[in-house]
Amino acid sequence: MKDGSAMDIHDEFEHIVKQKNIRTVFQPIVSLVDAQIIGYEALSRGPSGSPLESPRELFGIAQQLDMVWELELLCRTLALERAAGILSESILFLNVDPNVIKDEAFKKGFTRDILKGYGLSPQNLIFEITEKTAIEDFKNFRSILDHYKSQGYKIAIDDTGAGYSGLTLLAETHPQYIKIDMDLVRNIDKDSLKQALMKTFHQFSMETGIKIIAEGIETPDELNCLIDIGVEFGQGYLLQRPSEGFLRLSPNIKEAILGRNKQKRRFYSNTPRFISIGEIMRQAPPIQATTTGAEVNDIFKHNPNLQGLAVTNGGKPVGLLMREHFFAQVANPYGTAIFMKRPVTLLMDPHPLIVDYDTPLDQVSRLSTNRHEDHLYDYIIVTKNERYCGIVTVKDLLERTTQIELNMAKHCNPLTGLPGNMIIEENLKIIIEDNVPFAVLYIDIDNFKEYNDVYGFENGDKALLMTADVINTALNDKKISNSFVGHIGGDDFIAIIYDTEYAEAICQRIIELFDSNIKDLYTEDDKRKGYIVAKNRYGIEEQFPLMSVSIAVVTNKDRCYTSVESFSEIASSIKKLCKEYPKSCYIIDGNL
């Protein structure tokens, strides 16, 4: 016999279903690459203020009354009706209980009929199945899902990492999406194990084509960590809370996603010399100089992953307190009595390593390793305009520096050691997107093939190494520190400088050094003659001048570029003009 309260809640449930009194809220799923909303997850709620407002309570009562199918039908129908207006250009994620999928009523095609009524396709709908629900008969379950996938529906596995059947579920369902449980996302920026797991999921995604969605993103540091790992999509309160309307991302969130991706591209396309410490900084809140030891004790105890606290006064850093040092001090005889009620300034290091936001990583690395051994692993405090900005851990510094250097080694030309095509293209994308003044020098050695044929590959390599050295020397001679030099391949090089006014002087210096040094690679007889004899492309012997250098320069002084392709077309046409001139020359934007 049911008691009165149970009868009341059951009556309320039946009333909710009868009156269709279900709220549908929508939470966007966001690309963590370009900050575009790819779709929305539909979430059903009971009436506001009702004891059945929570979906957990709502579906719990439905299960007690054996009315899960009726509730699923109602929630899905209302969600599709309310989302019909956006489904032509977006996708909708619908939560589905695996046990309901096996219901005969589910197979009758009501979802397809609703979609058809709005002129929509199953391609816009994704059935989201939670891993937390045990599925006993995988074979039968797989056949049901195959039935829906054959009609064009897609499948997402929700809460991946939260249950015990995850790998089996992935293997049996072959989903298009997997949603990583929020427990694996929470504090991922501070947990190396979670980062390793997420990297494994990302690698799995790259090899299988299954897209990853990280759920429950709540902090900027979690977002940045996921972007750095390469996770493609995200969802969570930081990006956008669930709403009855289809809300767009705020400009601040868009800027945060796009900005972090831009920084990430710089990591892949530059050296530690050109990456600033601010780009790997954590925005950790500081404590005030008046904070007591007891308050610090509470902060550390409630944040077990926190290893240090920056101390500020009036917004400016005045010290650093590391966890290990704090507890060592208060553990001393009378430590608790002396320090707990007194300000933290008595315990902090008043001379921590403080660096400006724009300080290059390689410089910070040197400063960090030059510290006394007792402070070698202390946090590094970052400031902007002398005001506290955030912290960097030594672990983050070493990992990022190593990551950059390994990536550079992987994508550099094995002969010259200069960045190759992948890194070159990323740098070109960056300057086009940033739309700051730039000059790109395409440097090509004339008559190199013929020299290589006559003098051999070993001497050809010497010519390429000499050219790389000439370009770097020219940039150093003109005090151009903010620049990039790459080796496209063969006898083609590229240099990017960020002050167009220096382009002509750099070209002149490259030609001067090249014409002077190249003669050392010829015999006295060939130098005296001023040419070598080699076979042309038709196999006929011909006289070829000594090697010279052609420099095609492209700037954005009078032209705006939208893609690397459009940029390359202009550079190619200028390069052809250079080749018509018999000696070393340069042409800037088509003007000799």
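The following exercises, each with a worked solution, concern a predicted model of one protein chain.

**Exercise 1. Overall form**

Determine how the radius of gyration of the protein chain stands against that of a compact globule of 592 residues.

Solution. Step 1: the rule for a compact globule of 592 residues gives a value near 25 Å. Step 2: the protein chain itself has 32 Å. Step 3: the extent of the C-alpha trace along the principal axes is about 115 × 75 × 45 Å. Step 4: the secondary structure within these dimensions consists of 22 helices and 21 strands. Step 5: among contacts with a separation of 6 or more, 68% join residues 24 or more positions apart.

**Exercise 2. Surface and charge**

State what share of the residues is buried, and describe the exposed area and the charged side chains.

Solution. Step 1: 51% of the 592 residues count as buried. Step 2: the chain exposes about 29500 Å², of which carbon and sulfur atoms supply 50%. Step 3: there are 84 negative side chains and 64 positive ones. Step 4: the centres of these two sets lie 1 Å apart.

**Exercise 3. The nonpolar cores**

Identify which residues touch the most other members of the largest nonpolar core, and which helix gives the most to this core.

Solution. Step 1: the largest core has 49 residues, and Leu 32, Leu 92, Leu 226 and Ile 257 touch the most other members. Step 2: the helix that gives the most is α10 (residues 220-229), with 5 residues. Step 3: a second, separate core holds 41 residues, including Leu 475, Val 485, Ile 511 and Val 553. Step 4: such grouping may be set beside a general tendency, namely that in soluble globular proteins nonpolar side chains tend to be buried together. Step 5: for Leu 92, with neighbours within four places in sequence left aside, the contacts include Phe 26, Tyr 40, Ala 79, Leu 87 and Ile 126. Asn 124 is also one of the contacts of Leu 92.

**Exercise 4. Helix α18 and its ends**

List the buried residues of helix α18, name the elements they pack against, and describe Asn 447 and Gly 456.

Solution. Step 1: in α18 (residues 448-455), Phe 448, Glu 450, Tyr 451, Asn 452 and Tyr 455 are buried. Step 2: these residues pack against two helices, α19 (457-477) and α21 (524-529), and against strands β15 (439-446), β18 (531-535) and β19 (541-545). Step 3: Asn 447 sits in the loop between β15 and α18. Its phi is near 65 degrees, a positive value in a residue other than glycine. Step 4: Asn 447 counts as partly exposed because its relative accessibility is 21%, and buried would require under 20%. Step 5: Gly 456 follows α18 and also has a positive phi, near 95 degrees.

**Exercise 5. Three further loop residues**

Classify Ser 250, Thr 290 and Asn 385 as buried, partly exposed or exposed.

Solution. Step 1: the cut-off for exposed is over 50% relative accessible area. Step 2: Ser 250, in the loop between β8 (233-234) and α11 (251-269), has 32% and is therefore partly exposed. Step 3: Thr 290, in the loop between β9 (287-288) and α12 (293-302), has 65% and is therefore exposed. The C-alpha atoms of Thr 290 and Pro 343 are separated by 5.1 Å, although 53 residues apart along the chain. Step 4: Asn 385, between β13 (380-384) and β14 (387-392), has 69% and so is exposed. Its phi is positive, near 55 degrees.

Technical notes:
Residues are numbered from 1 along each chain as its sequence is written. This is a predicted model: local features need pLDDT of at least 70, side-chain atom pairs count only at pLDDT 80 or more; totals for chains, interfaces and linings use all residues. Side-chain values use heavy atoms; hydrogens and water are left out. Helices (H or I, at least four residues) and strands (E, at least two) are DSSP runs, numbered from the N terminus. The radius of gyration is taken over C-alpha atoms; the globule rule is 2.2 Å times the number of residues to the power 0.38. Buried means under 20% relative accessible area, exposed over 50%, partly exposed in between (1.4 Å probe, protein chains only). Contact means heavy atoms within 4.5 Å. Accessible areas come from the Shrake-Rupley method with a 1.4 Å probe; for residues, only the protein chains shown count as cover. Lys and Arg count as positive and Asp and Glu as negative; His and the chain ends are not counted. The place of a charge is taken as NZ of Lys, CZ of Arg, CG of Asp or CD of Glu. A nonpolar core is a set of buried Ala, Val, Leu, Ile, Met, Phe, Trp, Tyr and Cys residues joined through side-chain atoms within 4.5 Å.
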